[in-house]
Structure formats: C-alpha cells, structure tokens
Amino acid sequence: MKILVTGGAGFIGSNFIHQILQQYPGDEIVNYDLLTYAGNLENLKRVEDDSRYSFVQGDICNREALQDAARGVDAIVHFAAESHVDRSIYSSDEFLQTNIIGTQTVIDVVRELQIPKLVHISTDEVYGDVKAPEKSHENSRIYPSSPYSAAKAGSDMLVIAAIRTHQVPAMITRGSNNYGPFQFPEKIIPLFITNAMTDNYLPLYDGGTQIRDWLYVADHCSGIDTVLRKGKIGEIYNIGAEQYPEITNEQLTHMILELVGKEKHLIKPVQGLRPGHDQRYSLNAAKLRALGWQPSVTIEEGLKRTVQWYQENQDWWERVKSGAYQEYYKKHYR
Ligand code: NAD
Ligand code: DAU
C-alpha cells in the first residue's frame, strides 16, 4: 500500500511512519509536512535513506502542492494539525486555518484524485469532558471546550459531511492522550520529564485532579493501522486505553518524579494557565476492539520506556527546547 501521511514529522505521525515501514515491507510512505515548530525531521533519521520513504515539505492548505504529492497513493492518513490546547487559547488563527481549512483541502484532494481511502485523525477532546463513570461513545454529543478542540470538531464535521454528500471514502479516529518517544516537550509528560531531569519546576495546573486516558503512542498507531486496513468506510472509531484505575495528573506527576529519581518539591501548583480546563476524558473503545485491536502497553511500562527514551535522547530535546520554544515557555509560564 502507498500511503500519504500528513504531519508525519510530528510526534504521532513520525511514530506511525516508523511502525508501518517496520511492519509492512511492501508499503511506501510519502510524508507531507509543513515543518511548523512541532515538525522535526530528526524524528525520521532512521528511515530517511529507506527507498520506500519520501518527504515533501508543504502546507495542507496548498491544494496544488498536496495534489502533486498525493498522486497515485492508495490512502491518506491525515495527522497534520495545530495540536496544543494552551497555544490555541492565545491565538486560534493557525488552528482554524490548518485544522479546518487544511482538512477541507485534504478532503477536496481525495475527491479530485479519487484516492480510495482517507483516515482522518481526530481526538477524544471533541466530546469535551465527561463525569465519572460516563464514557464517550462514537455517537456521544460533540461539545469541545478549547479553540483547539473546537477546530478539531469542525474538521470532523467536514469529513462527516463529505462522506454523506460526496461519498468520500473516509473514516475518523478519535484517540485519547498519547505519550512516548518524539513528543514535543510542551505536553505534560515530556515537559515534566525534561524539567525534572534538569531540576526545573513542574507546573501542575489547577490542583492536579484532572484525568486523562493515557495511551502509549505505539498503541495509538496500531489502532490507526487497524482502522486503515480493517475499518468500515464512513465510520468513526474511538482509540483509548480505557485505563483502570484512572489516574489523576497529580498521580502521573508522582510516577514521573519517581522514575526520574527526583523529589516532590519540584512540583509547583499553578492556577489559571488553562481557562476552560477539561476535568476528565474517558473513551469507550469497544468498536475498535471488535476489529481485533487492543492496547498492549500499561501506563507503568509506557512511562518507564518514555523516561528512558528522554534520558537517552537528551540532544534531541535540548535542541527542541532552545530558540523559539523559550519564548513560548516564558510567555506561558511567566
Ligand atoms: P504534533 O503537533 O506533534 O505534530 C503536528 C505535525 O503537523 C507537525 O509535524 C507539523 O509540522 C505538521 N503541520 C502543522 N500544520 C501543518 C500544515 N498546515 N500543513 C502540513 N503540516 C502541518 O501533533 P501530534 O501530537 O503528533 O498530533 C497529530 C494528530 O493527532 C493531530 O491531528 C492531533 O489532533 C491528533 N491527536 C493527538 C493526540 C495527542 O495526545 N498528541 C491524541 C489524539 C489525537
Ligand atoms: O486527549 C487528546 C489530546 O491530548 C490531543 O487531542 C491533544 O493534541 C494533546 O495535546 C492532548 O491534549 P491535553 O490538553 O490533554 O494534553 P496536555 O499534555 O497539554 O495536558 C494534559 C493535562 O496536563 C491537562 O489536564 C493539563 C495538564 N497540564 C498540562 C501542561 C502542559 C499541566 O498540569 N501542566 C502543564 O504544564
């Protein structure tokens, strides 16, 4: 299968590319990515000389360039997005442009080139937060809380409309919170690991009582691959670890500190840095499990692997954390 991956230089996209090339010797990948602050070709060093892999730098909003890159592919797996909630609260322009206009452009290209399959990568955040013991199902109400999740919900609506109006052969995945190698250190897990390693404080928002359904990135990628190969056109699939017992951000922070070998005094409680902060996400992933998928990495094992990866790849995150990152960090965390 020849697959065009949008956003393949980001965290999940690059993990997905590694996984596909390793698992399917006959597959080819075209990685189409604009290389925003979150895109990093270092994530793909291991495959850059693989003849089955190619990279095209481009914007998903640029229809002609995307068409050129997508000609002849069997499927598009669409990851490219602005992905950080906190950044969307400062300014939503790029979020609307990439997540909404960009997704419509991807849909248009699928139609124009008659590409046989589109997998649109969405998020559990489109459901908003849910009270325990409730779980979000694929047909639960869409009720996003942040400009990021509202823009993702908008992109889902465009895909749903294209399936109905134009019979676009698309599917949607809604994944829960990911963690693992190559994650940009603005998200809580890599931020807290790298801050703890350098004895910087861990800014724990709003009492740390919030709950996320942590999914190791390799499990998310195998879920997306299951949808790509076995999913039914027109359907939506949740991809969640369905972690039990659930863990709060505070518990997660303690686990990180223990793995890095640092003390709790590094935790700095902060308030008000995420207005509209969602309390709890929880997914029902039974529909995907029925296709034979299940997550294989526990949070204990996944965190251990992730801490080890950041310890072994200090050069990678030190480079990422220099330059423009510093400006964002100072502005946001003051
Ligand atoms: P990321 O921010 O690490 O990577 C995004 C990638 O998209 C980057 O490589 C960036 O350069 C590229 N990109 C941004 N704008 C672009 C544009 N206009 N044209 C082409 N490329 C562009 O994001 P991620 O965490 O890997 O998330 C990937 C996808 O998965 C997103 O759609 C996100 O909404 C979704 N998702 C993320 C999570 C998570 O926990 N990180 C969970 C569920 C779903
Ligand atoms: O649920 C899927 C979503 O997961 C994806 O759609 C998003 O792209 C991805 O960014 C992620 O969103 P979150 O907002 O849940 O992830 P983040 O790591 O930013 O925050 C996780 C929790 O940690 C949240 O409750 C806020 C808290 N937090 C976050 C940061 C950055 C802190 O306490 N301190 C921090 O400095």
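**Exercise 1. Locate proline 133 and describe the peptide bond before it.**

Step 1. Proline 133 sits in the loop between strand 5 and helix 5; helices (H or I, at least four residues) and strands (E, at least two) are DSSP runs numbered from the N terminus.

Step 2. The bond that joins alanine 132 and proline 133 is a cis peptide bond, with omega about 5 degrees.

The model is predicted: local features need pLDDT of at least 70, side-chain atom pairs count only at pLDDT 80 or more, and totals for chains, interfaces and linings use all residues. Residues are numbered from 1 along each chain as its sequence is written, chains are lettered from A and ligands numbered from 1 in the order in which they are written, and side-chain values use heavy atoms, with hydrogens and water left out.

**Exercise 2. Describe the backbone at proline 245 and at leucine 35.**

Step 1. Tyrosine 244 and proline 245 are joined by a cis peptide bond, with omega about -5 degrees. Proline 245 lies in the loop between strand 10 (236-239) and helix 8 (249-260).

Step 2. Leucine 35 is not a glycine, yet its phi is positive, about 60 degrees. Its place is the loop between strand 2 (28-33) and strand 3 (53-57).

**Exercise 3. Describe the surroundings of ligand 1.**

Step 1. Take the shell. There are 28 residues around ligand 1, and Asp33, Phe79, Ser83, Tyr148 and Lys152 come nearest; a residue is near a molecule if one of its heavy atoms lies within 4 Å of it.

Step 2. Assign the shell to elements. Helix 1 (11-23), strand 5 (118-123) and helix 5 (147-166) each supply at least two residues. Strand 5 has the largest share, three residues.

Step 3. Sort by class. The shell around ligand 1 has twelve nonpolar, 13 polar and three charged residues. Here Ala, Val, Leu, Ile, Met, Phe, Trp, Tyr, Cys and Pro count as nonpolar, Asp, Glu, Lys and Arg as charged, and the others, Gly among them, as polar.

Step 4. List polar contacts (pairs of N or O atoms within 3.5 Å). A polar backbone atom of isoleucine 60 is 3.0 Å from a nitrogen atom of ligand 1. An oxygen atom of ligand 1 lies 2.7 Å from a polar side-chain atom of tyrosine 148, and a polar backbone atom of asparagine 178 is 2.9 Å from an oxygen atom of ligand 1.

Step 5. Give the burial. Ligand 1 exposes 830 Å² when taken alone, and the protein buries 97% of that; accessible areas come from the Shrake-Rupley method with a 1.4 Å probe.

**Exercise 4. Do the same for ligand 2.**

Step 1. The shell of ligand 2 has 25 residues, the closest being Asp124, Tyr148, Asn177, Arg274 and Tyr333. By class these 25 are ten nonpolar, eight polar and seven charged.

Step 2. Oxygen atoms of ligand 2 have side-chain partners: an N or O atom of asparagine 177 at 2.6 Å, a polar atom of asparagine 249 at 2.9 Å and a polar atom of tyrosine 333 at 2.6 Å.

Step 3. On its own, ligand 2 has 690 Å² of accessible area, and the protein covers 95% of this.

Step 4. Helix 3 (85-90), helix 6 (188-197) and strand 8 (202-205) are the elements that give two or more residues to this shell.

**Exercise 5. Characterise the two largest pockets.**

Step 1. On a 1 Å grid over the protein atoms alone, a pocket is an open set of points with protein on both sides within 12 Å along at least five of seven lines, and lining residues have an atom within 4 Å of a point. A volume is the space filled by probe spheres set on the points, which are joined across faces, edges and corners.

Step 2. The largest pocket holds about 330 Å³. It is lined by 16 residues, and Tyr37, Glu82, Arg87, Glu94 and Phe95 are the closest to its centre. Helix 4 contributes the most to this lining, four residues. By class the lining has six nonpolar, four polar and six charged residues.

Step 3. The second largest pocket holds about 200 Å³. Of its 13 lining residues, Tyr37, Phe184, Val320, Ala324 and Tyr325 are the closest to the centre. Helix 12 supplies the largest share, four residues.

How values were computed
A polar contact is a pair of N or O atoms within 3.5 Å; within protein, one must be able to donate a hydrogen and the other to accept it, and residues adjacent in sequence count only if both atoms are side-chain atoms. On a 1 Å grid over the protein atoms alone, a cavity is a set of points where a 1.4 Å probe fits but cannot get out, and a pocket is an open set with protein on both sides within 12 Å along at least five of seven lines; lining residues have an atom within 4 Å of a point.
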